[in-house]
Structures are given as structure tokens and as C-alpha cells.
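Reader: I have the model open and want to learn how to read it. Can we go feature by feature?

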Amino acid sequence: MKCERLWTNARLATMQGGAAGLGVIEHGAVGMAAGTITYVGSMIDAPAAAETIDCEGRWITPGLIDPHTHLVFAGDRIAEFELRQKGASYEEIARAGGGIVSTVHATRAASEAELVASALPRLDALIAEGMTTIEIKSGYGLSVEDEAKMLRAARVLGEVRPVTVRTTFLGAHALPGEYAGDADGYIDLVCNEMIPMVAAAGLADAVDAFCENIGFTPAQTERVFAAAKCHGLPVKLHAEQLSNQHGAAMAARHKALSADHLEYLDDDGIAAMAASGTVAMLLPGAFYFLRETKLPPVAALRAADVPIALATDCNPGTSPLTSLLLTMNMAAVQFGLTVDECLLGVTRHAAHALGRQAEAGTLDVGKHCDLAIWDIERPADLVGRIGFNPLHQRIWMGQ
């Protein structure tokens, strides 16, 4: 089959090398037609193409994927950083009216256009490092109108930039002030009004919740998941970040796409995730920024063959991070992930965590032609350096 475009003389990291391999092809080529990969393999066997691009020995990986972000928000929380530097904990700041709730006030006051404008620099920083797919959560509106506004803004970002945006409804992120003391009443709103609204409007690709001692209980989270299922939306969960609420096991029972954070994950949770295929999403930026000391159980996840994804968790208060390259370095240094695990975490396993494994995450015929072309000697260069962006070219949907 003739290709519209063929990238030749490249070293390919296809991310198809089994459970923990990069699937390297030396002297490789990638072909594309109509935005889809039509050939991956040796350049000797490559088909003819209308246009051929010599990569001059550079490496090609799939376009990077950031599968957990809170990219759309207004305001900032730099003052909270100063408080933490003086000894205040995340929980203390949240209980004093800071944290998520402070961002809610600023986000509610912003227009949709203002949310788009403020998010673009963050999105552009990620794109500049080879990111081609991003997940963006709501969760700073906490009302029917403001949650919809956030999700619309996230969708617009995918229209004004060459990037695939997947949106996640996170109404059960925090308790808004107007529902103080009535968490069950707020969950009624989430389940009976918010989820039906975002489903009917086609604004969300998944539903998330914050199951934590400063968030929502497992019973309340179960209600959110049941409502999501009724409307045909897959689920994921912020779980076991600050304490063990057994949220990951519950998420696995609901066939969740991913359980995220996981510092306090126990053996039962790992076994449940392994059985369900739920991806373990690690967020080293938040671990670093909050100076956490409880490491996620990487060795146990690895032993159970639970796929591990990585994400920036980009947000205004606990992970103001807009670099997947730095995310990989943090995961390697802080959590002990191997180079291969880090790279799979922002490609193949990240796609799995978004339910997009049929479209992205590996160099494979039939998938979207999302590529990152790198000026590097070896894949470890993408993980082992700090402040180093060797991206030569980023290709999204073949362009």
C-alpha cells in the first residue's frame, strides 16, 4: 500500500516489546495515510510513498500521552506553597478553606474564554515536549453550570491546538461551601443532575472522584460510579493518596480505567486491580511537591503485572507541573521505575488508562499517526536528564 508520507532512516521505539519492553526496531520506517499509521517496520521493506522524510538516525516514539491533568482552572495557589514552606500540611490548608475550594472560587468567577486562555500556556508547554494526547478533568466548578463550563473549555482546547483531548467529569472532587456539612446532599446533585447533564451534552469521556479522608467516602464514591454506569461512562478514581480508603479495590470492582496516586495502596487493592485490568496511575509531581514520604508499592505492582501509567497531575496547588519529561525523571528517581517502565507509562499504559489503546500509545498499523521524533542517542536520554528537551518534531494525526 502506498503511503502519503514515510519517515525513514529512524530508530523506532514501538512500545510493543511485551510486558516491559520498548520494541526497538533499528533502521526502521513509519508510513502514514489519512492520519493513520499504515506501516511500521524495517526501512528495507517499506512501501513507496508520495513524500519521504529522512530522519537521519533519530529516534521515533509514539506521541506522549498525559493521562491525568487538571489543566483547566483559574487563579493560582502560590500562597499555599509559602504556607507549606512554613510547615502547614495539605490537609491543614484544605480544612482552613484553601486547597481545591480556593481554586473553585476563582474558576467560578472566570468565563469559559478566560479558562481557555489561561490553560493554553500550560497546554503549549506539554505539546512542546511531544505530547499528542491529554486528559483534562473538571472539578473546580462544583456546580452544574460551572462544571459544564470547565468541560466545554477543555473541549475547546482540542479545537484550537493540534492535540487529542479526553475530558473527565470530576464533580466529586471537593465539597463546595454551599453544601458544607451535607456531603450526601452534594453527591445527590452530582448523581442526579451533573452526571446526566454531562452525559446528555457529550461533555465527558469518563467520570472520576476523590475518595479520601478529606474528600468523599467509599459509599459516596460508589453512588457516583453507579450513576456513571447508568449513563454509559467509564470511571476512574483518585485513590489511596493520603490514606487507605480501599478505593482502588472498589474502583477495580467497577472495572475502572485507572486508580490514581496509590501511595497507600495495599495488597488487596493490587490483587483487585490485577484481576480487573485497572491501570495504576502514579503521579510523582504531587509526591514531590507535597514532600510525601510514603512510596507507592511499585515492586508489588510490578510483580502483579499491573500496568503502570505516569502523568503530570498538572494542577494549581499540589502539582504545578507541565513536563512529561520531568515526570518520567521523577518517577525513576523517586519511585524506582526503570527507563522502559517510564516510557511505557507515558505511551502504551497511558493510552490504556484512557481507554484509547486501540487508537494511540504504540507504533502500530491502524492507530493514529501520533509521533515524537527525538534528537537522542538512546531512550534513556528522555528519562535521565532534567531540563532537557530533545524533541526534533511532533506529528499529530499525520501532520
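Author: Start with a pair of histidines, and remember that this model is predicted. The side chains of His68 and His238 are joined by a polar contact of 3.3 Å.

Reader: What else does the side chain of His68 make a polar contact with?

Author: The side chain of Asp260, at 2.6 Å. Now place His68 in the chain. His68 sits in the loop between strand E6 (64-66) and helix H1 (78-85).

Reader: Is His68 buried or exposed?

Author: Buried, because its relative accessibility is 0%. Its contacts beyond the sequence neighbours within four places include Glu135, Lys137, Met281 and Leu283. Ala311, Thr312, Asp313 and Cys314 are also among them.

Reader: Which other residue of that loop should I look at?

Author: Ala74, which lies in the loop between E6 and H1. Ala74 counts as buried, because its relative accessible area is 11% and the cut-off is under 20%. Leaving out residues up to four places away in sequence, Ala74 touches Thr103, Ala106, Thr107, Ala110 and Leu115. Then check the distance back along the chain. Pro62 is 12 residues from Ala74, and their C-alpha atoms are 31 Å apart.

Reader: Now the sheet. How do I read the strand order?

Author: General idea: strands of a sheet pair through backbone hydrogen bonds, either parallel or antiparallel. Here, 8 strands form an open sheet with parallel pairing. Read the order as E6-E7-E8-E9-E10-E11-E12-E13.

Reader: Which are the edge strands?

Author: E6 and E13, each of which pairs on one side only. Neighbouring strands of the sheet are turned against each other by 25° on average, direction ignored.

Reader: How many bridges join strand E11 to strand E12?

Author: 3 bridges, between residues 258-261 of E11 and residues 279-282 of E12, and the two strands run parallel. To find one on screen, look at Ser258, whose bridge partner in E12 is Val279.

Reader: What packs on the sheet?

Author: Helix H4 (residues 112-127) does, touching E6 and strand E7 (131-137). The direction of H4 makes about 145° with that of E7. H6 packs on the sheet as well, touching E8 and E9. The direction of H6 makes about 155° with that of E8.

Reader: Let me take E9 by itself. How do I read the faces of a strand?

Author: In a regular strand the side chains alternate between the two faces of the sheet. So sort the residues by side. On one side of E9 are Ala206, Asp208 and Phe210. On the other are Val207, Ala209 and Cys211.

Reader: How many of the residues of E9 are buried?

Author: 6 of its 6 residues, 206-211. Both faces of E9 are covered. For the pairing, E8 (residues 164-172) runs parallel to E9 and is joined to it by 3 bridges. Phe169 has Val207 as its bridge partner in E9.

Reader: And helix against helix?

Author: Take an angle, a distance and a handedness. Helix H5 (residues 144-160) packs with helix H6 (residues 183-201) at an angle of about 35°, their axes 10 Å apart. H5 passes H6 in a right-handed crossing. On H5, the contact is made by Val144, Glu147, Ala148 and Leu151. On H6, it is made by Leu189, Glu193, Met194, Met197 and Val198.

Reader: How many residues of that contact are nonpolar, polar and charged?

Author: The contact of H5 with H6 has 7 nonpolar, no polar and 2 charged residues.

Reader: Next, backbone angles. What is the usual sign of phi?

Author: Most residues other than glycine have a negative phi. His246 is not a glycine, yet its phi is positive, about 60°. It lies in the loop between strand E10 (237-239) and helix H8 (247-253). At 47% relative accessible area, His246 is partly exposed.

Reader: Where should I look for another positive phi?

Author: At Arg291, with phi near 55°. Arg291 lies in the loop between helix H10 (284-289) and helix H11 (298-303). At 59% relative accessibility, Arg291 is exposed.

Reader: One last loop, please.

Author: Ser323, between strand E13 (308-310) and helix H12 (324-335). Ser323 is buried, at 12% relative accessibility. Its side chain reaches the backbone nitrogen of Leu326 at 2.9 Å. A polar atom of that side chain also lies 3.4 Å from the backbone nitrogen of Leu325. Neighbours within four places in sequence aside, Ser323 contacts Leu126, Glu129 and Thr312.

Notes. Residues are numbered from 1 along each chain as its sequence is written. This is a predicted model: local features need pLDDT of at least 70, side-chain atom pairs count only at pLDDT 80 or more; totals for chains, interfaces and linings use all residues. Side-chain values use heavy atoms; hydrogens and water are left out. Axes are lines fitted to C-alpha atoms, for helices over the stretch in contact, and angles run from 0 to 180 degrees between N-to-C directions. Helices (H or I, at least four residues) and strands (E, at least two) are DSSP runs, numbered from the N terminus. A crossing is left-handed if the near helix is turned anticlockwise from the far one by less than a right angle, and right-handed if clockwise. Contact means heavy atoms within 4.5 Å. Ala, Val, Leu, Ile, Met, Phe, Trp, Tyr, Cys and Pro count as nonpolar, Asp, Glu, Lys and Arg as charged, and the others, Gly among them, as polar. Buried means under 20% relative accessible area, exposed over 50%, partly exposed in between (1.4 Å probe, protein chains only). A polar contact is a pair of N or O atoms within 3.5 Å; within protein, one must be able to donate a hydrogen and the other to accept it, and residues adjacent in sequence count only if both atoms are side-chain atoms. Two strands pair if DSSP finds at least two bridges between them.
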